[in-house]
Amino acid sequence: PVPVACSRVDALRSHGYTSEALRLAVAVVRTLKQAQREAYLWWGSKRDEMLPRCSASRACRSLGPGALESWVGHPLDPITCLFDTLAEASLLPEDLPRFQYHSDWLGVANEDVTNLAPLRYRHVPIPGSSDPWESYLTLALEAALIGLGQQRAMPPGLYAQEKACKQEEKMILKLQELNLDSPLLAVLRRQARLLLEGGPFSGLGEGIHPESVPMHTFTKFLFTALLPHDPDLAYQLALRAIRLPILEDHDDVDDPVNGNVSSLVLSRYPRWFTLGHIETQQCTLACTMINAAKNDVMRLRSVLDAALRNIHSSSHLFKLAQDAFRLGLPGEGQRNSLLLNAALELGLQVMRMTLTSLNWRRREMVRWLVTCATEVGVSALISIMQNWFTLFTPTEATGAVASTIMSHTTVMRLQLDRSKQDELAACARSLALQCATKDPPNCALNALTLCESDPVSFETAYQVVVDAAAHTMSSSQLFTIARYMEHRGYPHRAYTLAMLAMRSVHLAYNQDPHPAINDIHWAVALAHSLGRAELSQLLPVLIKNVQCATVLSDVLRRCSLSAPGMACPDSKRRPIKPLAFDKAPLRGLLEATILAYINTTNSRLTHISPRHYQDFIDFLTKAHETFMLAHDGHIQFAQLIENMKVAYKGKKKLMCLVRERFG
C-alpha cells in the first residue's frame, strides 16, 4: 500500500539513509505513474460500457486505485513524505539548511514567522533514468498531482475532514513555490489531461462517486498555473471541477435561514462537517474563472452556466454575484459591461432561489440587485419590473424595487431623458397596480405613491383600496392611507376611507389607551371640516362601534368648539353656527356618551379597590361635566349618584368621597 511504502521512505530518510530513501521514493512514484497509466488505458477501453453504469449506480468509487484509503488526510501523510523527499534533493545547496523550518511553518499564521522566502529548486537528474527530462523535481510534482487528484471518499468525523483540508492546502502552497519551467509545465499538462480522462480513478474524471471529495482547491491551483500557457485545458479542468455531486441528488438544498445547504445533507452519514468550507472554495474557483474570462464572451457564458448549475447555496451565489459586480465596476479604470451583466444574471438567480424561502440577507440581496441593475442600464431596470413576480414579493416590488428605481437619485445617476423617464414611470405604475391587486394591505400605500403622477392609475389604485377595505385591510392600514389622501389634497377620498376604517374599529368601555383613538379623533376632525352632512354620516358609526365614555366625551367637545364645514371653499360666503348639543347630529352622540358613562360607572364599581377611589372620583367629575351638557343632565347625574349610594352603601369610604364632591 502507498502509505506503508511512503512510511518506509520517511524511516530511511529520518535515519540518514538519504540515497536509499530517494531510490525508494522514485520507485513509489514510478509505480503510481504506472498504475495511473494502466487505469487510463482501462477506462479508455471501457468508458462507453461503464459510464452509464456509473451514472445509474454508486459503484464507481470501488474502481479507483487506493479507493479503500485516501492518501490526502492519511495519518502517515504519504504524498507530503514523497514530495519532501524528492524536493529536498532538488534544492540549491544554500537553501538546504532552512528546508525543514520552511516546511514546518509554511502557511502557519504566526506573528513571529513572517515573509518566509520561497525555496529555490533545480533539476537534478535521476541516475540510470532512461528519460532525459525526468528529475527528482518532476517526480515530486507528479507525486503531488497524482495524490491531490485521487478520487477519495470524504472521511468520517470533523477532525479527519479538517486534517485532509489542511494537508491539501499545505501541499498546494508548496507547489505554488515551484518555478514552472518547461519540464514542469510538460508534467503539469500531461497530468491534467490524465486526470481529466482518468474516469473514476481520478477526482476530476467522469463517473465519480457522489460522495467523492470535491477538487475545487486543487483545481484553482491548476487553473491559475495553466491559464497563461494552455487556457483551453485550464477552463476544461475548472468547468469539470466546479461540480458538487453530493448536493445534486437533492431538489432543494437551500437553507431557509442561513442560505446554506439543508439539514438533510448535514445530518446524513458520513456527515460533511466541512461542507461550508467546500462551498466557499467552489465559489472562489468560480470567481477566479469569471475574472479570467471577463473579456471573453463565450468563456464567460460557459462559466456562468456552470456556476448557475452547480452552486446550490443562495448565499454563496450572492457572494459570487457581488464579486463579479466589484470586478466589473472597479474604483479606478474602465467598467466591464460583460461582468456587470454576469453579476445581474447571478443576482436574478439568487432572487428566484430565495423568493419562497426565508433568508436573513434577503433585504440586502434585493437592494443590491436594484443597484446592479441600475449600473447595467434602463433595460435591466425595466426587465426586473416587468418580471417582478418571479423575483420579488409584492411588498419588495413596490417598496425597495420600484420606489428606489423611481427616485431622483436613480434618474440623475442614469441621466435619463424625458422619454426614458416616462417609460420607467409607466412600468413602475403597472407593477404598482399589479402588486396592489395581489396584496392590498401591504402594497396599497406604495402603489398610490408610485401612481401620483398619473390620474388614471391613481384612481385605479384608490379603487383597489376601496374594494379591499371590507375583507382584507385592517383599520390601521386604512387610516394610514386616508391620512395620506388628506395630505395629498384629496379630503373627500380620505373621508371615504376613514368611514371604511371606522366600520372595523371597536372600542370597549375600558379601552382608554387603544391605539386607534388618535385615528378616531382625526377622522372626526376630517368629517367636521368637510361639513355637517359628512359629520352626520360618521357619528352613527362612531356611536355603534365605540363604547368608551372618555373617547366619546372628547369627540363631543371637539365637535362643539367650532362650526362644521370650515374647510369648505364656500364656508366664508355664508355664516355657519356651531352645533348645538340638543340637536342632530350631536344629540345622539351626547346621549350615547351619557349612557357609556353610566355603564362604565357600574362596571368599575363592581371590582373597585380603595387605591382606585380617587381615580374613580376624577372619572365621575368628568362624567358630571358631560351630563351637564344635556337639558336634563343634572337629573340623570343625581339619579346615578343616588343609585350608587343604595347599591354600594357597604363601601362607606367611597360613598363618603362621593358625598363630599357631589353632595
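## Cysteines, salt bridges and a surface patch

With a relative accessible area of 1%, C559 is buried in this predicted model. C427 counts as buried as well, at 11% relative accessibility. The count of disulfides comes to 0, and for C427 the nearest cysteine sulfur, which belongs to C435, is 11 Å away.

Across the whole structure, a search finds 32 salt bridges, including the three listed here.

| Salt bridge | Closest N and O atoms |
|---|---|
| E142 and K33 | 3.0 Å |
| R299 and D232 | 2.5 Å |
| R361 and E364 | 3.1 Å |

E142 forms a salt bridge with K33, and because E142 lies in helix α5 (residues 136-148) and K33 in helix α2 (residues 18-56), this pair ties together parts that are 109 residues apart in sequence. E142 is buried at 2% relative accessibility, whereas K33 is partly exposed at 23%. The pair of R299 in helix α12 and D232 in helix α9 also links distant parts of the chain, 67 residues apart, and R299 is partly exposed, with 22% relative accessibility. In the third pair, R361 is buried at 18%, while E364 is partly exposed at 31%. Salt bridges with shared partners join R30, K33, E134, E142 and R190 into one network.

Helix α9 spans residues 231-241, and its buried residues include L233, A234, Y235 and L237; the buried residues of α9 pack against α7, α8, α11 and α12.

On the surface, Y101, W105 and V108 make a nonpolar patch of about 270 Å². Y101 has its place in helix α4 (residues 99-105) and is partly exposed, with a relative accessible area of 44%.

Technical notes: Residues are numbered from 1 along each chain as its sequence is written. This is a predicted model: local features need pLDDT of at least 70, side-chain atom pairs count only at pLDDT 80 or more; totals for chains, interfaces and linings use all residues. Side-chain values use heavy atoms; hydrogens and water are left out. A disulfide is a pair of cysteine sulfur atoms within 2.5 Å. Buried means under 20% relative accessible area, exposed over 50%, partly exposed in between (1.4 Å probe, protein chains only). Helices (H or I, at least four residues) and strands (E, at least two) are DSSP runs, numbered from the N terminus. Contact means heavy atoms within 4.5 Å. Patches are made of residues with over 30% relative accessible area and no salt bridge: like charges are joined within 9 Å, nonpolar side chains (Val, Leu, Ile, Met, Phe, Trp, Tyr) within 5 Å. Accessible areas come from the Shrake-Rupley method with a 1.4 Å probe; for residues, only the protein chains shown count as cover. A salt bridge is a side-chain nitrogen of Lys or Arg within 4 Å of a carboxyl oxygen of Asp or Glu.
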